[in-house]
Amino acid sequence: MATEEDPLSVTLDRLTQAVTQPVENMDTIKTLISRLHSKLKVQESSCISVCGTFFPWSDYTEYFAVVVPDAEVRLSTLAKIIPPERQTLEQLVHLIEVCREPSMVTAVCSLLHDALSPSNKGDIRDIVIQTCLALNTAEVILRTLKSLSTEGLTVIEPCVHPAYQVLAKLASKDPKLAVKARLVGGVKLTHQLLQAHMKNNVPLLPLLMVTKYLAKNSTNQVMLGKDGCVATLAAILTSVPKTHWAKIKFIMEILALLTKAKSNVIRLVRETGLQRVLSIFDGWEKIERRHQIKILKSILGTLSHMCDSKHGRKAVMALNGVEITQRFIQSCPADKKFDSALASATNVFLKCISKGELPVSSTRGAFKFQVANREESDSTAALSREATPGLDADSSDDELEDEMEEEEEDFDLSREMKGVDLSSEYSVERPRTEELVRLAPLFPELSNYKVQSGTRFKDVTLEARRGNVNDSSPDAGTDYYLRASDSTKSIISFVKVAYPDMIGARGPMYLEELYDKDRKVCRSKAIATVERVLHPEIYMERVVYDLDYLLESEHSRQLITPASSSSRSLSNWDEKRVGKKDVTVNHLNFESRFESGNLRRVIQASNTEYDLILNADVNSSHHHQWFYFEVSNMEPNTQYTFNIINNEKPNSEFNFGMKPVMFSVREALLGRPAWVRTGSNICYHKNHYSRIPKCHDNVRFKKSANKSYYTATFTVTFPHAYDVCYLAYHYPYTYTQLQAYLSKLDNRNLPSDIFYCSQLLCHTLNGNPVPLLTITSKDTNKTKEVVFLTARVHPGESNSSWVMEGVVDFILGGSVAARLLLDKFVFKIVPMLNPEGVIHGNQRCGLTDEDLNRRWRSPNPQLHPTICHSKSLLEYLVHVAKQKVRVFCDFHGHSRQKNVFMYGCSRLQSWWPGDKDTPDSPDFMLLPRLAQNCMGTFSLRDCHFQIERAREATARVAVWRQFDIPMSYTMEASTCGCDQGPYKNYHLSPKELIESGEGFCLALSYLVSTPEVLNSRLLQDSERVDHKFGMTKERNLGDFTKEVAFWSGELDDDLDSDDDLDLDLYGPM
Ligand SMILES: [Zn+2]
């Protein structure tokens, strides 16, 4: 035992002893605490002098005599306090609650405040913070204050300041505080204190800080609003000295949060708070530097919320908000830290101005498809089950229109749905054996590999150009394509086949880097967008391509000479056009009347700038994203800017490194026939065109009220003058290309023990045949499992077709892995679920303005034949042939995430509570884990296994639920590129997409392995990936989950962090 005991240890021991009977030993305890505190005291410029006046008990005066200890003393004191076995912090927090005495709260909080001071640098402070959080300190303080305050606020007055200083520090670290505080009455209490201290500088700052964190919760926002918090803030704003920027900052931040609730928007207008907000905005240059950006951000956040409601917008405009915003945009410094403010300001500007309508005659597509007997077929669901009530599939279509819109399978928080009885809807799957037996010819593998005559795909495709293709001729590919194109039916008459499709163009042999975005480009686009609204007269506005006009004149020509054009063979004369200038015009020429093309209108804005409007999906007014068109007549060495002005999605990979693709016919003639990533000055941003359609006949349009379209803009310098070039969103893959590919496969000599067969699955609504492939090895003695694959339900996702081609090539490729696969599995493949969408250049739907991947639950045979038939095949396999479907996978393209990844189904992560009653099959994550090892593009961390309510009608979930296939997946491939793995920072081109298809097959081939081999394979990834990734991780959608301010991407460095919060607490007001 040491003879001379360290006095601090003695103090701590005595404290431990005293707190066993806290109420009796109150005075002793306070003395001990003050002794302890004296060793922790931090130099606080403003606090010392003012704090004293609040301390009623005499011991405190001792403090002032004590010299403030230096950092070393403080740290060594803290080091004594924090060891868990000492339990000092626990005792202190405990005291707050059990003593229920304002002076004790003051004593403890003052000590904690200094213990939490940022001047205690390093790990020790972190431990103090974590311990305080673990002890629920903030909640304890609030609960104690609340109970003490029942006798009046004056009772707690002395401890408000130290208590809120501690609360302010912990609030920023405790994300649940907003809710916890509400439950103990702390939200109302904080507001009452705020009202009481409106003019009291001392506790006002920590009170405002705490209020900010409480206001982050949406329920609290409404509650605070009802309690009059907006009025309180407006009053503080009027009385607070104009130089107290820290306080003004917090007030602005709270207002930006509170105005998320519409009711508070009205309150802010009524309390004349908006006027003050705008006047601070108007004088933004006077704001103290260190608060300037945050204050601007909050003001603009508030204004943006105001402008989301009619009432708020009117008020902003009446108070000259638009002019102030415009002035800010025009004078905004070029410094990067102002980018976010500029983007938000442009956003506010666009929300306020009366927007122009898109310069087209109607937002509905330029041509229509007459759906035969739509009503009749709706009611006669012959092959499909009756529509199931309750979870109507239509609701998910509406979700599709949400601004938060979605990729086919995007993460989406399922709404709370307790009490929905799914079991009654799904449990009894009526086997419709009688109806299904007529599908038997589509399963030749079950009848000794005999293919019934007349069911082969090539028998049903019209082949206008007779004669065989000579596979050895150099133009064989072109011949296959042209021949196949003759049997492709379209609603409008195409004028050509596109050159790159005809020759089977792919990407280059080298990898292409992602675009390194230039923030200055986005700034200039923001300013230009505002300028364009203010000075429309300087733009040319000359229509240079007009599909409506072309179709109209085509129509009238047909009226004069009927029955001629429809059956003509299409061809391509681009090679002859190259190098020739069109002297009749002085602008670029455009064309897109070819398969997958979708240009509606082009308006020349200046000599080198063109606004492009995309055609909507057939029979729809929406879904603009995919584009594919031809450009010609370009001048040498000229930079042309293309603005695609009617995009709907709130953000795009164009803001995150993606470039569009370009094909040059001239380059092809020079021996470089490839699609290449192209463009500079790429940016995706909001524009001034209104999304309010001309006829308001559909309720769902209401959601788009006051919404803007988005512009995808890029600048291209074409490689040659007077060339014929093609620009597209992604590497095209047409229906004709699939047909040509299949007829090539038909002509291929495969080993005699491999069974390959392409058959007619069904016809589309416009009469195009849909192929079904069956591939396996001929071995009648084995019972095989089935791998069922589908792709291209969404026509704008051409990458999924490239992946599918990789899959088919691989399994027919003769490798060891391929043989293994064919011996174990029968592959049933529907390579294109939506040929009509592909042919007509749609983004998402078929011919009926419906997302076919929302029709798997109960497809209608008349309206959704491809889905209906594909699903019937599965039904046949499961219920008639009694075969095991080991894997189902639907291939997609993802336009807002990088890499290749999968979605699967985990019962534990289902929206429907009933799913959780049964444990997950051990297999459900198997394929993605294997894929991680087999595919350079694959990213396991991007996978998720949630079953969302809104996804019940997608292929993945419907197949999983209705046929009980645990390994049911969606595989998504980015339209952009990768942000991890060997392809990090590179685009994906057909080569990597095909490789991904091969990798998918390799992953499948491990399913053949014994469990031991499988396990050793999987062990390899366990080091790389936390095995719980799918269970715990929330997908990080980054900026995509929120509407882009004006443009986005690396824009928002975390402005919300309160790193300077601590400084504010100590620093000048
Ligand atoms: Zn999709």
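# Reading a zinc site and its surroundings

Tutor: Start with a spacing: along the sequence, the donor residues of the zinc ion follow the pattern H-x2-E-x94-H. Keep in mind that this is a predicted model.

Student: Which parts of the chain does the pair Glu797 and His892 tie together?

Tutor: Place each residue in its element. Glu797 is in the loop between strand 15 (785-791) and helix 35 (799-811), and His892 is in strand 17 (residues 885-894), so the pair ties together parts that are 95 residues apart in sequence.

Student: Which atoms are the protein donors of the zinc ion, and how far from it do they lie?

Tutor: A donor is named by its residue and its atom. Here they are His794 (ND1), Glu797 (OE), Glu797 (OE) and His892 (ND1), at 2.1 to 2.4 Å from the zinc ion. Glu797 therefore appears twice in the list of donors, since donors are counted as atoms.

Student: What is the geometry of the site of the zinc ion?

Tutor: Begin with the ideal. Four tetrahedral donors at a metal would have angles of 109.5 degrees. To count as tetrahedral, all angles must lie between 85 and 135 degrees. In this structure the 4 donor atoms of the zinc ion make angles of 58 to 151 degrees, and the site is irregular. Water is not among the atoms, so sites may look incomplete.

Student: Are Glu797 and His892 buried or exposed?

Tutor: The cut-off for buried is under 20% relative accessible area. Both Glu797 and His892 are buried. For the protein chain as a whole, 61% of its 1069 residues count as buried.

Student: How many helices and strands does the protein chain have?

Tutor: There are 44 helices and 19 strands in the protein chain. Contacts add to that picture: among those with a separation of 6 or more, 81% are between residues 24 or more positions apart.

Student: At what angle do the axes of helix 34 and helix 35 cross?

Tutor: Look at the distance between the axes as well as the angle. The axes of helix 34 and helix 35 come within 12 Å and cross at roughly 5 degrees. That is why helix 34 counts as roughly parallel to helix 35.

Student: Which residues of helix 34 and helix 35 meet?

Tutor: From helix 34 come Gln737, Tyr741 and Leu745, and they meet Trp802, Glu805, Val808 and Asp809 in helix 35. Sorted by class, this contact of helix 34 with helix 35 holds 4 nonpolar, 1 polar and 2 charged residues.

Student: Where is Asp746, and which residues is it in contact with, leaving aside neighbours within four places in sequence?

Tutor: Asp746 belongs to helix 34 (residues 735-746). Its relative accessibility is 21%, so Asp746 counts as partly exposed. Apart from neighbours within four places in sequence, Asp746 contacts Lys458, Tyr756 and Ser758. For Tyr756, 10 residues apart from Asp746 along the chain, the C-alpha separation is 8.5 Å.

Student: Is Pro206 buried or exposed?

Tutor: Pro206 has a relative accessible area of 2% and is therefore buried. Pro206 is part of helix 13 (residues 201-214). Its C-alpha atom is 5.4 Å from that of Tyr164, with their positions 42 residues apart in sequence.

Student: Is Leu863 buried or exposed?

Tutor: Leu863 is buried, with a relative accessible area of 4%. Leu863 sits in the loop between helix 37 (835-839) and helix 38 (865-880). The C-alpha atoms of Leu863 and Leu765 are 7.2 Å apart, while the two residues are 98 residues apart along the chain.

Student: Is Met509 buried or exposed?

Tutor: With 72% relative accessibility, Met509 counts as exposed. Met509 is in the loop between helix 29 (499-502) and helix 30 (519-534). Met509 and Lys991 lie 482 residues apart in sequence, yet 8.0 Å apart in space, C-alpha to C-alpha.

Student: What is the sign of phi in Gln87 and in Asn985?

Tutor: Check the residue type together with the angle. Gln87 has a positive phi, near 60 degrees, and is a residue other than glycine. Asn985 is not a glycine either, and has a positive phi of about 70 degrees. Gln87 lies in the loop between helix 5 (71-81) and helix 6 (88-99), and Asn985 in the loop between strand 19 (968-974) and helix 41 (990-1005). Gln87 is partly exposed at 40% relative accessible area, and Asn985 is partly exposed at 44%.

Terms used:
Residues numbered from 1 in each chain as written. Predicted model: local features only at pLDDT ≥ 70, side-chain atom pairs only at ≥ 80, totals over all residues. Heavy atoms only, no water. Helix = DSSP H or I, 4+ residues; strand = E, 2+ residues; numbered from the N terminus. Buried < 20%, exposed > 50% of the residue type's maximum accessible area, 1.4 Å probe, protein only. Contact = heavy atoms within 4.5 Å. Donors = N, O, S within 2.8 Å, 3.2 Å for Na, K, Ca; no water. Tetrahedral: all angles 85-135°; square planar, octahedral: opposite > 155°, others 65-115°. Axes fitted to C-alpha atoms, helices over the stretch in contact; angles between N-to-C directions. Parallel < 35°, antiparallel > 145°, perpendicular 65-115°, else oblique. Nonpolar A, V, L, I, M, F, W, Y, C, P; charged D, E, K, R; others polar.
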